[in-house]
There are 2 protein chains.
Amino acid sequence: MKRTAFFISDGTGITAEALGQSLLAQFETFDFTKLTRPYVDSIEKAQLIVQQINAAEQADGFRPIIFDTVVNQQIREVIATSKGFMIDIFSTFLAPLEKELVSQSSYTVGKSHSIGKDSNYMERINAVNFALDNDDGARTHYYDKADLIMVGVSRCGKTPTCLYMAMQFGIRAANYPLTEEDMEHLQLPNALKPYKDKLFGLTIDPDRLSAIRNERKPNSRYSSFAQCEFEVRAVEQLFRKENIANINSTHFSVEEISAKILVEKGVDRRLK
Amino acid sequence: MKRTAFFISDGTGITAEALGQSLLAQFETFDFTKLTRPYVDSIEKAQLIVQQINAAEQADGFRPIIFDTVVNQQIREVIATSKGFMIDIFSTFLAPLEKELVSQSSYTVGKSHSIGKDSNYMERINAVNFALDNDDGARTHYYDKADLIMVGVSRCGKTPTCLYMAMQFGIRAANYPLTEEDMEHLQLPNALKPYKDKLFGLTIDPDRLSAIRNERKPNSRYSSFAQCEFEVRAVEQLFRKENIANINSTHFSVEEISAKILVEKGVDRRLK
């Protein structure tokens, strides 16, 4: 069944979207059209959103579901005039929290919530720079500064994972692509040997790897299923032999892989 | 006041964390210690978390606040034996949603929620690769494929913004650092002229820029306040002259900058 969902915020919309997405994921038989509307911070913008909500109601024949984290009460009242079904994230939970903390929230007193710039900023930028500077085995002499070093065959997903961990957690993650030479000798390259405790392996199904490599270098030996299978099997053997914890990226999202690595390696996030 | 908060999930913990963080941000006078505990997917792991919660209660002299999105009822029951104050994210909202959708949720029938791998995967990887391949003006001949091209002085935050938009929204964003030559002539470089409608400017306070550059190249002309001020002023003048929408990155997080750019440019996210 088709339904429309709106994630509405006077800020980035990240919270409304994250919560809305995971609540809607519990209703698998529905086909939701999901629309995020950040920075709805004026009456005029709210009136525009009301028009969009009502148009969706007309088109679907059902009320759109609205997840909102709008702080300003006047703006919320405008949105409430729409034909949508509103899920009120903030006030639902702030009442019990205010009671527990014996304290009024900024929401109740009408102050807006901004992520803003904070002490995390430089930590995060430095982590992203670290991931970029130490990508693809280009440089190995900063490995002593790394929180983690991801290893695996070329194009198995190391770089996006390192960048996500940098952005989301402030983790400094380098990555090193294992070469055919490493695979043939079933040996860790010398650059990695001193940092065995920082290594985490990424593996992938050979057919998925072949598809990904074909987008870059179509019809090459590098992209062939046979080559991908050889590399993946060799690397998995190396992981076993060297006892390197690893995860198969084929069936997990970057978020899932990253969260699993942090748990497995016991690495603490640097962002507060 | 000091309090401890736990974000507990049998998945990545992203939802519990996003919602918990923004609810706690409404209580500005508190100093929360925030602990994320993803993949709590067994009774044993839940028992370990209970110990951590109770230890925090002992240390703080107050009940820790627990935000959880654990689906498994047996695991939730174990966590409920702790001394924490539980905010029950899923069941609070799923009941009204089930009524509105006239449908049972997977949660109610006990199925777990995984982000998993989906059609978004390649879109996202391709966007990250696009940002990396078209970083720092290194290549300009793929600008026709770009959704956006970020422009600004060196080290004003273009790369993290492009990577975030790629990862979060699947947006293909290139970035081009404006050079002293561009500034002196107050002209857009030829490579950018055909793509004026894709440009978005990033500016920054000169003292912040100087601090960031000093981390890379301490005590250089490049990092000096005078040089940073000259470049920023020139670039801001160029943005005005060429009528290029822009934002000052100094006081906003990468999330805020990215969300604002999408709204301002009317660019649709590619991830569903």
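## Exercises on the interface of chains A and B

In this predicted model, 79 residues of chain B are in contact with 79 residues of chain A.

**Exercise 1.** Determine how much area chain B and chain A bury between them, and which three residues of chain B supply the most of its part.

*Solution.* The size of an interface is often expressed as the accessible area lost when the parts come together. For chain B and chain A this amounts to about 7200 Å², with 64% of it on carbon and sulfur atoms. On the side of chain B, the residues B:Gln26, B:Phe93 and B:Leu101 supply 10% of the area buried against chain A, more than any other three residues.

**Exercise 2.** Describe the polar and charged pairing across the interface, and state which element of chain B has the largest share of its side.

*Solution.* Begin with the salt bridges: the rule finds ten across the interface of chain B and chain A, while the structure holds 34 over all chains. Next, count the polar contacts: 22 residue pairs link chain B and chain A in this way, both residues being at pLDDT 80 or more. Helix α4 (residues 89–101) of chain B gives the largest share of the side that touches chain A, with ten residues. By class, that side of chain B comprises 37 nonpolar, 22 polar and 20 charged residues.

**Exercise 3.** Show why the pair B:Glu100 and A:Arg63 joins two chains.

*Solution.* First apply the distance criterion, within 4 Å from nitrogen to carboxyl oxygen. The side chains of B:Glu100 and A:Arg63 form a salt bridge at 2.6 Å, N to O. Then locate the partners: B:Glu100 lies in helix α4 of chain B, and A:Arg63 in the loop between α2 (43–60) and β3 (65–68) of chain A, so the pair joins two chains. A further salt bridge brings together A:Glu17 and B:Arg269, at 2.4 Å, N to O.

**Exercise 4.** State the domains of chain A and the confidence scores of the prediction.

*Solution.* The domain assignment divides chain A into domain 1 (2–112) and domain 2 (118–265). Their centres, taken over C-alpha atoms, are separated by 38 Å. Chain A averages a pLDDT of 92, and 96% of the residues score at least 70. For the complex, the predictor gives an ipTM of 0.89 and a pTM of 0.90.

Notes
Residues are numbered from 1 along each chain as its sequence is written. Chains are lettered from A and ligands numbered from 1 in the order in which they are written. Side-chain values use heavy atoms; hydrogens and water are left out. Contact means heavy atoms within 4.5 Å. Buried area is the accessible area (1.4 Å probe) that two parts lose on being put together, summed over both. A polar contact is a pair of N or O atoms within 3.5 Å; within protein, one must be able to donate a hydrogen and the other to accept it, and residues adjacent in sequence count only if both atoms are side-chain atoms. Helices (H or I, at least four residues) and strands (E, at least two) are DSSP runs, numbered from the N terminus. Ala, Val, Leu, Ile, Met, Phe, Trp, Tyr, Cys and Pro count as nonpolar, Asp, Glu, Lys and Arg as charged, and the others, Gly among them, as polar. pLDDT is the predictor's confidence in each residue, from 0 to 100. Domain bounds come from an automatic or database domain assignment.
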